[in-house]
Amino acid sequence: MKNANTIWLLAGLLALSGVAQAACNANMPITRPDSRYEAVAGATPAGSEVRDKATGLVWQRCVVGKVWNGTTCNGTASYLTWQQALDTVRTATASTAATGASATWRLPNHAELYSLAERACNTPAINTTWFPATPLYSMWSSSPYLNDSDLVWLMDFTYGNGSRNIKTSVNRARLVRSSL
């Protein structure tokens, strides 16, 4: 039993670091297969943007704070308040414009974030081929919670669940844009 506990502990530590997916249910079909996504031609750096062929949305492959190195996302994911996440959108759009591209990045709405959730896997609940080193826990959406103006919808990629939190808390962010 001690060896089994050690294995689960190591799997948990890897998952928290965004390195490995802990579990996929072999009895469930994969809902976000590799074939659903493609690298966006002309992205800088190459491979840093992913198009979802089902929705037409283009996603930054790495969460804010991490950088695509051609193989994976390196660095540390940023913890941001909701306002800081919105400010990051303006910075990312200005940075893209400086390269001569015309991409307008934005914070995804809750339904768009939910479209990334891999229902058959967890820890993280996302396609890790296309979105490697995705940190667990919540990512901001642009969707306010209708019953309380201090709350915003989040997407938790540990298990692929939606939740809500106050705007002044800190969470992660992944940016999206419409396909060109």
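So, buried here means under 20% relative accessible area. Keep that cut-off in your heads, because Arg-177 comes in at 4% and therefore counts as buried. That arginine is where I'd like to start and where I'd like to end up. One caveat before we go on: this is a predicted model.

Okay, the overall picture. We've got 180 residues, and buried ones make up 44% of them. The secondary structure comes to three helices and 11 strands. If you read along the sequence, the pattern goes α-β-β-β-β-β-β-α-α-β-β-β-β-β. On contacts, take the ones with a separation of 6 or more: 61% of those are between residues 24 or more positions apart. And for the surface, the accessible area is about 9200 Å², with 57% of that belonging to carbon and sulfur atoms.

Now the sheets. Just as a reminder, strands of a sheet pair through backbone hydrogen bonds, either parallel or antiparallel. I'll take two of them.

First up, the sheet with β8, β9 and β10. These three strands make an open sheet, in that order, with antiparallel pairing. At the edges you find β8, residues 138-144, and β10, residues 161-166; each has a single partner strand, so one side of each is left without a neighbour in the sheet. Ignoring direction, neighbouring strands here are turned by 40° against each other on average. If you zoom in on β8 and β9, the latter being residues 151-156, four bridges join them, and they run antiparallel. One pair to look at there: Trp-140 has Leu-154 in β9 as its bridge partner.

The other sheet is the one that takes us back to our arginine. It's open as well, four strands in the order β2-β3-β4-β11, and the pairing is antiparallel. The edge strands are β2 and β11; each has a single partner strand, so each has one side with no neighbour in the sheet. From one strand to the next, the twist averages 30°.

Let's walk across it. β2 and β3 are antiparallel and pair over three bridges. In that pairing, Tyr-37 stands opposite Asp-52 in β3, and Glu-38 has Arg-51 in β3 as its bridge partner. Moving on, β3 pairs with β4, residues 57-60, again over three bridges and in the antiparallel sense. Arg-51 turns up here too, with Val-58 in β4 as its bridge partner. The hairpin of β3 and β4 has four residues between the strands, and Gly-56 in that hairpin takes a positive phi near 80°.

What about the charges? As a general point, side chains of opposite charge can pair when their charged atoms come close. The count in this model comes to five salt bridges, and I'll show you three that involve β3.

Number one is Asp-52 with Arg-36, at 2.9 Å from N to O. Asp-52 lies in β3, residues 49-52, while Arg-36 is in the loop between β1 and β2, so the pair ties together parts that are 16 residues apart in sequence. Buried or exposed, then, for Asp-52? Asp-52 sits at 0% relative accessibility, so it's buried. Its partner Arg-36 counts as buried too, at 16%.

Next, Arg-51 and Glu-38, the bridge partners we just met. Their side chains also meet in a salt bridge, 3.3 Å from N to O. Arg-51 is in β3 and Glu-38 in β2, so this pair ties together parts 13 residues apart in sequence. Glu-38 counts as partly exposed, because its relative accessibility is 29%.

And then there's Glu-49 with Arg-177, a salt bridge at 2.5 Å, N to O. This pair links distant parts of the chain: Glu-49 is in β3, Arg-177 in β11, and they are 128 residues apart. Glu-49 is buried, with a relative accessible area of 9%.

So, back to Arg-177. It belongs to strand β11, residues 176-178. Which residues does Arg-177 touch, leaving out those up to four places away in sequence? They are Val-40, Glu-49, Leu-57, Val-58, Ala-103, Thr-104 and Trp-105. In that list, Val-58 is the residue that bridges to Arg-51, and Glu-49 is the salt-bridge partner.

That's my tour. Have a look at Arg-177 and Glu-49 in the structure, where both side chains meet in a polar contact of 2.5 Å. Happy to take questions.

Note on methods
Residues are numbered from 1 along each chain as its sequence is written. This is a predicted model: local features need pLDDT of at least 70, side-chain atom pairs count only at pLDDT 80 or more; totals for chains, interfaces and linings use all residues. Side-chain values use heavy atoms; hydrogens and water are left out. Helices (H or I, at least four residues) and strands (E, at least two) are DSSP runs, numbered from the N terminus. Buried means under 20% relative accessible area, exposed over 50%, partly exposed in between (1.4 Å probe, protein chains only). A polar contact is a pair of N or O atoms within 3.5 Å; within protein, one must be able to donate a hydrogen and the other to accept it, and residues adjacent in sequence count only if both atoms are side-chain atoms. Contact means heavy atoms within 4.5 Å. Accessible areas come from the Shrake-Rupley method with a 1.4 Å probe; for residues, only the protein chains shown count as cover. Two strands pair if DSSP finds at least two bridges between them. Axes are lines fitted to C-alpha atoms, for helices over the stretch in contact, and angles run from 0 to 180 degrees between N-to-C directions. A salt bridge is a side-chain nitrogen of Lys or Arg within 4 Å of a carboxyl oxygen of Asp or Glu.
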